[in-house]
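Welcome, and please take a moment to turn the structure around before reading on. The report below walks through its sheets, some of its helices and a few individual residues.

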Amino acid sequence: MTVALSAAFPGVSRVLEEGAKLGLWSYIKLAPGVQIPKDTSYILGYYTPEYEEVIQYMTGAKITVLWTSSPGEVEFEPVEQMALDRLVHDPRIARIWFGDPVLGSLFPKGYYAPYPIQYQPKDPVKKTNTVSLFCPPTLKKNALNQVLAVYLYQMKYGKLRLVTNHPVAEWVAKLGIKLDYELVDWLPKSRYEQVIASARVNLVVSWAETFSYQAADAVMLGTPTVASFTVPWLSGCQVSDPNSPESIAKTLKHAIDNPENWLEGARKGLAKYAEADFRASLAL
């Protein structure tokens, strides 16, 4: 069986973890002292210099690299541009699995395949008057527009506490904006799911995505998600202008006022995506 390995890249490792759940490959999270089994096929999550030592144990094997960034994400991060250049020109890398169809069709050694996911919806739990925003502190996540949108909602429509791990909320509050928020650290899975499941709405209005497991988590946990058009399976739940806090706030209100409709549409889109043949990710 193919062996998938990844360093500590949450978005990338999640793809490989989900594939292991479906029996597509075995998954190993790289850490000091971890033994790499001998096999004929490997998948590496993204690229890091840490892999140089690992690759020497893969001589003669087919090595595929999973690339989860969209063109927009690559443009936001110069370090990703350098990493992609390295992978395209590295003769040891046989294939590059892109989560974006266009990158998969245009780049040498590239191919596209959907990300594996098990569609396991749960019954919605009792909601608290909160909105969740969980993402890494990168520019592509469009956090400031979303935080200001929540503040607009609080001013125009009533109480709604923001629960987020993004530090831009704290920065906004220090400027004198009376934002009602709770800043949390990266949470254990059980607590993370509890926060999202109890939120009235989840926010993923980012500039660039190829899938968004975070949005998928919220939808399966019974929480409507307001997103940008970059989340491909979430049709009908998007903000018209992700660069407008007012547009996001209005969409947020609409989702809160019509939660059943928003959740139903999102679940249909995710269920349809989950019907894909994920064996294509092995590039057989």
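Which elements cover the buried residues of α6? They include β7, β8 (161–164), α7 (168–174), β10 and α10. Keep in mind that this is a predicted model.

**Helix α6 and its surroundings**

Helix α6 counts 10 buried residues among its 14, so the rest of the structure largely encloses it. The buried set is made up of Ala143, Asn145, Gln146, Val147, Ala149, Val150, Tyr151, Leu152, Tyr153 and Gln154. Just past the end of this helix, Gly158 adopts a positive phi of about 130°.

Gln154 deserves a visit of its own. This residue belongs to α6, which runs over residues 143–156. Is Gln154 buried or exposed? Its relative accessible area is 16%, and since the cut-off for buried is under 20%, Gln154 counts as buried. A polar atom of the Gln154 side chain sits 2.7 Å from the backbone oxygen of Leu160. Beyond four places in sequence, Gln154 has contacts with Leu160, Arg161, Leu162, Lys178, Leu179 and Asp180.

**Helix α10**

α10 is one of the elements over the buried residues of α6, and α6 in turn is among those covering the buried residues of α10, along with β7 (130–133), β10 (201–204), β11 (225–227) and α11 (259–273). The buried residues in α10 are Pro245, Ser247, Ile248, Ala249, Thr251, Leu252, Ala255 and Ile256. Here is how the two helices compare with the span expected at 1.5 Å a residue.

| Helix | Residues in helix | Expected span | Span between end C-alpha atoms |
|---|---|---|---|
| α6 | 14 residues | 20 Å | 20 Å |
| α10 | 13 residues | 18 Å | 18 Å |

For α10, the span agrees with the expected value, and for α6 the reach is close to what is expected.

**The five-stranded sheet**

Five strands form an open sheet in the order β9-β8-β7-β10-β11, paired in parallel. β9 (181–183) and β11 are the edge strands; each has a single partner, so one side of each has no neighbour in the sheet. On average, neighbouring strands here are turned by 25° against each other, direction ignored. Three bridges pair β8 with β9 in the parallel sense, and Val163 stands opposite Glu182 in β9. Helix α10 packs on this sheet by touching β7, β10 and β11, and its direction makes about 150° with that of β10.

**The six-stranded sheet**

Another open sheet has six strands, with parallel pairing and the order β2-β1-β3-β4-β5-β6. Why do β2 and β6 each have one side without a neighbour in the sheet? β2 (26–29) and β6 (110–112) stand at the edges, so each has a single partner strand. The twist from one strand to the next averages 25°.

Within this sheet, β4 (residues 62–67) and β5 (residues 95–98) run parallel and are joined by four bridges. Trp67 stands opposite Phe98 in β5. Two helices pack on the sheet. Helix α1 (residues 10–21) touches β1 (3–6), β2, β3 (41–45), β4 and β5, with its direction at about 155° to that of β1. Helix α4 (residues 78–89) touches β4 and β5, with its direction at about 160° to that of β4.

**Nonpolar cores**

How many residues does the largest nonpolar core have? It has 86, and the residues with the most contacts inside it are Trp67, Ile117 and Trp233. α6 supplies the largest share of this core, seven residues. Trp67 also touches many residues beyond four places in sequence, including Tyr46, Val74, Glu80, Leu84, Ile96, Phe98, Leu103 and Tyr115. Another core, of nine residues, lies apart from the largest one; Phe134, Tyr192, Val195 and Ile196 are among its members.

**Ser69**

The last stop is Ser69, in the loop between β4 and α3 (71–76). With a relative accessibility of 5%, Ser69 counts as buried. Its side chain makes a polar contact of 2.7 Å with the side chain of Glu80. Leaving out residues up to four places away in sequence, Ser69 touches Val74, Glu80, Asp100, Leu103, Lys140 and Thr210. Ser69 and Asp241 are 172 residues apart along the chain, and their C-alpha atoms are separated by 22 Å.

Conventions. Residues are numbered from 1 along each chain as its sequence is written. This is a predicted model: local features need pLDDT of at least 70, side-chain atom pairs count only at pLDDT 80 or more; totals for chains, interfaces and linings use all residues. Side-chain values use heavy atoms; hydrogens and water are left out. Two strands pair if DSSP finds at least two bridges between them. Axes are lines fitted to C-alpha atoms, for helices over the stretch in contact, and angles run from 0 to 180 degrees between N-to-C directions. Contact means heavy atoms within 4.5 Å. Buried means under 20% relative accessible area, exposed over 50%, partly exposed in between (1.4 Å probe, protein chains only). A polar contact is a pair of N or O atoms within 3.5 Å; within protein, one must be able to donate a hydrogen and the other to accept it, and residues adjacent in sequence count only if both atoms are side-chain atoms. The expected span of a helix is 1.5 Å times one less than its number of residues. A nonpolar core is a set of buried Ala, Val, Leu, Ile, Met, Phe, Trp, Tyr and Cys residues joined through side-chain atoms within 4.5 Å.
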